[in-house]
Amino acid sequence: MADVGSTVATWGWGFLAVYVALILGLGYLGYQRTHTQDDYATARGGFGFLALALAYAATVASGSTFMGIPGMAYGMGFKAGYYAMIYPIGIYIGMLFVARITKKVGDRFGSQSIPDFLGDRYQSPLLRVLAALVALFLLFYIMSQITAAGWMFETILGLDYGIGIWVAGALLLLYLTAGGSHADILTDAVQGAIMIGVTLLIVFMFATGWGVEGGMSGVNAALPSDMGWNSHTDPENPTFANWWVIFLLFIAHIGFTAQPHLGNKFFAIKGTEYMKKFMTVSAVVGIALPLMFLGGVLGRAQGIQIDNPDAIIPMLFVENLPAVLAAFLGVAILSAIISTADGLIIAISQIFANDLYRKTYVPWKGGDPTDERVNQRALWISRLSTVFVTIAAVIAVMTPPQYLSILLWVGIGGIIAAYSGPYLVGTFREETSKTAAIIAFVVAFGVYFVIHLGPQFGLYEGWYPYNENPFASSGIGFIISCVLTYVISKFTEPLPTSHLNKVFRPERVSPDGSPSDD
Amino acid sequence: MNVIQVLTLTTIGYFLFVTFWILKMEDYLQTRAKQQYENEQTRGEV
């Protein structure tokens, strides 16, 4: 057992029991709503704007928001705020661009994932398969969330990390295998609401200079000068080396919206008429949650000594608050981590069940993807792959990796580079061609890996000075993806008009292809 | 300006953009899609 206050741990176990009971109840509710593969994969049309906006914000605000980023702020001071606050701005601006069309096209074609959406949008089975294979890199993301959960169990409950990751895996399996996307969104919505409360508390503690003389200015004064709020960049730090890389951080996160575990949430809203309300609520909640970085700054100002900076928020609670509150907040952060992991697991399960089996293997063998037996088989594959992916992720992090926010970008940077052009440009420009989408997808993915990983293996060192910064590398990948998609579309054949009408004007086209009179 | 002030201004800019998008751009994009469809229909009839 790790060294943690026994009172905090006792209360923590109590709150954990309540939390488990809650997600089991929501998981059962999700199970009751899950009858088909489409229910499991998307929860299509099952939620109003408020629940879905909370779930979306909770999914975006991963373990990194509550652990990695405050850890960064603990180590670097106020300048970490440029990451904490700019990444959600990029993501939610990207969300504004793609949410409505994703919902429209998804419903129209029955798309069950973002790779599936791309395949339907461009009438391209090849693009669907490529996107699905690249999305397998989300496993790194799940690993980072399971790692964060393991640290939380150790910090708040005193449970050994090695056991904590298995408990986290078991918690996820308890409700996900039964309720799929319904359970995912239900639990995420509740967790989103709890996370708002935690964030408000952290902001209050920072604004009042909790535990530090002199309020907010006192917090700044207690920091070393290179961590204070007058220090904007640090040439020695690849993430904050200059304003250009901070701008690339923003650019890269616009493409983050293309992550399959985020895009599939849009399918679940009741109808496009709720989209504006969904956008409004999620944009406001989403920008608020990363204010959690202020807790890392406060922890440093208070002089809290900690071996693992990623655990600064739970330690801040343990050091400053009554045991009962610290324990409650620790379990709340655990729920934040779980809420991202579950969406990721559902997204990967659909790579196997929908993208590769139902929409690729079945048509390849001459079958009908809409056949009832195929759907039932896909539902079973969804559930089995949920179990397989969760266990694989837990095994992969039995030796705890360092630097959560960096690790997860090994996978998602490639996804951003590959998906951005076809997904974002293809949303606005009907003329975007299938050829352009495929070429941009492959080239941008390759470029990201070449510039990000090559120099780290001693190849062409110095050629791209920010290669260690995954955001800067992803930002370049994003730009290349979008530019290639745009330019190549100018010289290649667009998709047939009849297909584009279905994609871009579904409300005005009846199922037989003729215009409706709305 | 310090980091907090820069981030405050950035966040205000973000909220202005979100407001503009939701109040103006969403409607514009839908109107544009409808017009394009009607133009195609007109061309088809000619």
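What percentage of the 46 residues in chain B do buried residues make up? The figure is 30%. Before going on, I should say that what we are looking at is a predicted model.

Let me stay with chain B for a moment. Chain B contains 1 helix and 0 strands. Along the principal axes, its C-alpha atoms fill a box of roughly 60 × 15 × 5 Å.

Next, how chain B meets chain A. On the chain A side, 31 residues make contact, and on the chain B side, 26 residues do. Between them, about 2700 Å² of area is buried, and carbon and sulfur atoms give 69% of that area.

There are charged pairs here too. The rule finds 2 salt bridges across the interface of chain A and chain B. One of them joins Arg100(A) to Glu26(B), with the closest N and O atoms 2.5 Å apart. As for polar contacts between the two chains, the count is 6 residue pairs.

Which elements of chain A give two or more residues to the side that touches chain B? They are helix 5 (81-109), helix 13 (275-288), helix 14 (293-302) and helix 21 (497-504). Helix 5 gives the most, with 9 residues. Sorted by class, that side of chain A has 19 nonpolar, 7 polar and 5 charged residues.

Now to the inside. A general point first: in soluble globular proteins, nonpolar side chains tend to be buried together. In this model, the largest nonpolar core has 171 residues. Phe278(A) and Tyr419(A) are the residues with the most contacts inside that core. If you want to look at one of them on the screen, take Tyr419(A). Not counting residues up to four places away in sequence, Tyr419(A) touches a list of residues that includes Ile114(A), Pro115(A), Leu118(A), Ala258(A), Pro260(A) and Phe441(A). There is also a second, separate core of 8 residues, and among them are Val245(A), Leu248(A), Ile451(A) and Ile476(A).

Back to salt bridges, this time over all chains. The structure holds 12 of them. I will go through three.

The first pair on my list is Arg44(A) and Asp107(A), whose side chains meet at 3.1 Å, N to O. Arg44(A) sits in the loop between helix 2 (37-42) and helix 3 (49-60), and Asp107(A) sits in helix 5, so the pair ties together parts that are 63 residues apart in sequence. Are these two buried, partly exposed or exposed? Arg44(A) counts as partly exposed because its relative accessibility is 22%, and the cut-off for buried is under 20%. Asp107(A), at 35%, is partly exposed as well.

The next pair is Asp116(A) and Lys359(A), with the closest N and O atoms 2.8 Å apart. Asp116(A) belongs to helix 6 (residues 114-121) and Lys359(A) to helix 16 (residues 323-364), so this salt bridge ties together parts that are 243 residues apart in sequence. Asp116(A) has 0% relative accessibility and therefore counts as buried. Lys359(A) is at 15%, so it also counts as buried.

The last pair is Asp184(A) and Lys265(A), where the closest N and O atoms are 3.2 Å apart. This pair links distant parts of the chain, 81 residues apart: Asp184(A) is in helix 9 (residues 161-207), and Lys265(A) is in the loop between helix 12 (260-263) and helix 13. Asp184(A) is buried, with a relative accessible area of 2%. Lys265(A) is buried too, at 1% relative accessibility.

Some salt bridges share partners. In this way Asp38(A), Arg44(A), Lys103(A) and Asp107(A) are joined into one network. Two of those names, Arg44(A) and Asp107(A), you have already met as a pair.

One more residue, and then I am done. Ile346(A) is found in helix 16 of chain A. Its relative accessible area is 1%, so Ile346(A) is buried. What does Ile346(A) contact, leaving aside its neighbours within four places in sequence? The residues are Tyr40(A), Ala41(A), Leu176(A), Gly180(A), Ser181(A), Asp184(A) and Asn264(A). Asp184(A) in that list is the partner of Lys265(A) from the last salt bridge I described. For a distance to try yourself, go from Ile346(A) to Phe471(A): the two are 125 residues apart in sequence and 25 Å apart in space, C-alpha to C-alpha.

How values were computed. Residues are numbered from 1 along each chain as its sequence is written. Chains are lettered from A and ligands numbered from 1 in the order in which they are written. This is a predicted model: local features need pLDDT of at least 70, side-chain atom pairs count only at pLDDT 80 or more; totals for chains, interfaces and linings use all residues. Side-chain values use heavy atoms; hydrogens and water are left out. Contact means heavy atoms within 4.5 Å. Buried area is the accessible area (1.4 Å probe) that two parts lose on being put together, summed over both. A salt bridge is a side-chain nitrogen of Lys or Arg within 4 Å of a carboxyl oxygen of Asp or Glu. A polar contact is a pair of N or O atoms within 3.5 Å; within protein, one must be able to donate a hydrogen and the other to accept it, and residues adjacent in sequence count only if both atoms are side-chain atoms. Helices (H or I, at least four residues) and strands (E, at least two) are DSSP runs, numbered from the N terminus. Ala, Val, Leu, Ile, Met, Phe, Trp, Tyr, Cys and Pro count as nonpolar, Asp, Glu, Lys and Arg as charged, and the others, Gly among them, as polar. A nonpolar core is a set of buried Ala, Val, Leu, Ile, Met, Phe, Trp, Tyr and Cys residues joined through side-chain atoms within 4.5 Å. Buried means under 20% relative accessible area, exposed over 50%, partly exposed in between (1.4 Å probe, protein chains only).
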